[in-house]
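Trainee: I am new to this structure and would like a close look at a single part of it. Could you take me through that part slowly, and then show me how it sits in the whole?

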Amino acid sequence: MKLVPLGDKVVLKQLVAEETTKSGIVLPGQAKEKPQQAEVIAVGPGGVVDGKEVTMQVKTGDKVIYSKYAGTEVKLGEDEYIIVKQNDIVAIVED
């Protein structure tokens, strides 16, 4: 099964949360904060959305940072994804 986003939507797969702090303290599951960094899995076609022309600026494989409370969480099989609007993505992470 495959997710195909429409319009200005982007499918993200959240990157794994850190399990230890910088000082070496191991965090239990509930104390781990969800990372706001994710990898782009699929990108919608853009086009006219709500009367405005939208050009997609992210592509599959990009690592991005997105707004903390953005998106819709979806589970397909064992994998969990987040579907967000492109303007909920605040930055592309470059190596």
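Mentor: Let us begin with one pairing: Lys9 has Lys85 as its bridge partner in β7. Please keep in mind from the start that what you see is a predicted model. One place further along, Val10 has Val84 as its bridge partner in β7, and Val10 also stands opposite Val43, which belongs to β2. Val10 is therefore a useful residue to rest your eye on, with Val84 in β7 as its bridge partner and Val43 in β2 opposite, and, as a general point, the side chains of a regular strand alternate between the two faces of the sheet.

These single pairings belong to two sets of bridges. Between β1 and β7, which covers residues 79-85, there are four bridges, and the two strands run antiparallel. Between β1 and β2, which covers residues 37-43, there are five bridges, again with the strands running antiparallel.

Now step back just before β1, to Asp8, which lies in the segment that precedes this strand, the strand itself covering residues 9-14. Asp8 counts as buried because its relative accessibility is 8%, and the cut-off for that word is under 20%. When its neighbours within four places in sequence are set aside, Asp8 is in contact with Val49, Val54 and Met56, and also with Val84, Lys85, Gln86 and Asn87. Two names in that list will be familiar to you, since Val84 is the bridge partner of Val10 and Lys85 is the bridge partner of Lys9.

With this part in view, the sheet around it can be read strand by strand. It is an open sheet of six strands in the order β6-β7-β1-β2-β5-β8, and the pairing is antiparallel. At its edges are β6, residues 72-76, and β8, residues 89-93, each of which pairs on one side only. On average, and with direction ignored, neighbouring strands of this sheet are turned by 40 degrees against each other.

Finally, consider the protein as a whole, which has eight strands and zero helices. Of its 95 residues, 24% are buried, and Asp8 is one of those that count as buried. Among contacts in the protein with a separation of 6 or more, 64% are between residues 24 or more positions apart. The accessible surface of the protein comes to about 6900 Å², and carbon and sulfur atoms account for 51% of that surface.

Terms used:
Residues numbered from 1 in each chain as written. Predicted model: local features only at pLDDT ≥ 70, side-chain atom pairs only at ≥ 80, totals over all residues. Heavy atoms only, no water. Buried < 20%, exposed > 50% of the residue type's maximum accessible area, 1.4 Å probe, protein only. Contact = heavy atoms within 4.5 Å. Pairing = 2+ DSSP bridges. Axes fitted to C-alpha atoms, helices over the stretch in contact; angles between N-to-C directions. Areas by Shrake-Rupley, 256 points an atom, 1.4 Å probe, with all protein chains shown as cover.
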